[in-house]
Amino acid sequence: MRTTISQIPVEYRHIAGFTLLVTYIVMLLGAYTSAIGAGLSCPDWPTCYGTWVPFLQPEIIANSPYSALQIFAEWAHRGLAMTAGVLIVGTTLGAWVTHRNTPIVKWSATAALALLPLQVILGGLTVTEDLQPIIVTTHLGVAILILLCLLTTCLVAYLRR
Ligand code: HEM
């Protein structure tokens, strides 16, 4: 029993590390979306041109004022953000199961999870409010906070191995 429990955190640190990596890639993809002027290439939210997968309807891409690359970047940013969200939920649950006696791991993961709904709402507002600077800036600010929380979770989980 003791062996089993002591082995769980070893796997947990890899989960935390993977979540950190995926969240970092979401941020890079967001910056890329912004840099190529694709922030409004999916003009609606949460769907993109009223569908979850616009690439299944070639006429949507053909009739859009944005290129396929621009639409793909924004769409992929949203999709990967959803994946990161699921991973953050798992990382937080895992922290409470495997690091019951390590408050820093539990609470930094929980803080990342608490910020997640805010970040999703800000992402939606980024689109529906036409890239208002204050919203885009806050979206970036919250992303950095989430990454810092996950970095703390991950580093402490590795150090306490
Ligand atoms: C884990 C969740 C998310 C993270 C960590 C995240 C992070 C980021 C980052 C770092 C940027 C670049 C900001 C900049 O360069 O100024 C960005 C851009 C963007 N994000 Fe997110 N994002 C997330 C979820 C979402 C969601 C759910 C949406 C929904 C629409 C969204 C929409 C956007 C848009 C439209 C941009 C481009 C803004 C522009 O053109 O300036 N994000 N995101």
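**Ligand shell, helices and loop geometry**

Student: What makes the side chain of Ser34 a polar contact of the ligand?

Tutor: In this predicted model, an N or O atom in the side chain of Ser34 is 3.0 Å from an oxygen atom of the ligand; the cut-off for such a pair is 3.5 Å, so the pair counts as a polar contact.

Student: How do you know that His77 and His139 also qualify?

Tutor: An N or O atom in the side chain of His77 is 2.8 Å from a nitrogen atom of the ligand, and for His139 the value to a nitrogen atom of the ligand is likewise 2.8 Å. Each value is within 3.5 Å, and therefore each pair is a polar contact. The elements that give two or more residues to the shell around the ligand are helix H1 (2-35), helix H3 (68-98), H4 and helix H5 (133-159).

Student: How many residues surround the ligand, and which are the closest?

Tutor: The ligand is surrounded by 21 residues, the closest being Ser34, Trp45, Glu74, His77 and His139. By class, the shell holds ten nonpolar, nine polar and two charged residues, and the ligand itself sits in the largest pocket.

Student: Why is the span of H4 called close to the expected one?

Tutor: Helix H4 covers residues 103-128, which is 26 residues, and its first and last C-alpha are 38 Å apart. The expected span is 1.5 Å times one less than the number of residues, which for H4 comes to 38 Å, so the two values agree closely.

Student: Where in H4 does a kink lie, and what comes just after the helix?

Tutor: The kink, of about 30°, is at Leu116, shortly before the proline Pro117. Just after H4, Asp130 has a positive phi of about 55°.

Student: What makes the peptide bond from Trp45 to Pro46 cis?

Tutor: Its omega is near 10°, and the bond is accordingly given as cis; Pro46 lies in the loop between H1 and helix H2 (58-63). The loop between H1 and H2 also holds Tyr49, a residue other than glycine whose phi is positive, near 60°.

Student: How many helices and strands does the chain have?

Tutor: The chain has five helices and zero strands, and its elements run α-α-α-α-α from the N terminus on. Along its principal axes, the C-alpha trace spans about 60 × 35 × 20 Å.

Note on methods:
Residues are numbered from 1 along each chain as its sequence is written. This is a predicted model: local features need pLDDT of at least 70, side-chain atom pairs count only at pLDDT 80 or more; totals for chains, interfaces and linings use all residues. Side-chain values use heavy atoms; hydrogens and water are left out. Helices (H or I, at least four residues) and strands (E, at least two) are DSSP runs, numbered from the N terminus. The bend at a residue is the angle between axes fitted to the seven residues ending there and the seven starting there. A residue is near a molecule or strand if one of its heavy atoms lies within 4 Å of it. A polar contact is a pair of N or O atoms within 3.5 Å; within protein, one must be able to donate a hydrogen and the other to accept it, and residues adjacent in sequence count only if both atoms are side-chain atoms. On a 1 Å grid over the protein atoms alone, a cavity is a set of points where a 1.4 Å probe fits but cannot get out, and a pocket is an open set with protein on both sides within 12 Å along at least five of seven lines; lining residues have an atom within 4 Å of a point. A molecule sits in a cavity or pocket if more than half of its atoms lie within 2 Å of its grid points. Ala, Val, Leu, Ile, Met, Phe, Trp, Tyr, Cys and Pro count as nonpolar, Asp, Glu, Lys and Arg as charged, and the others, Gly among them, as polar.
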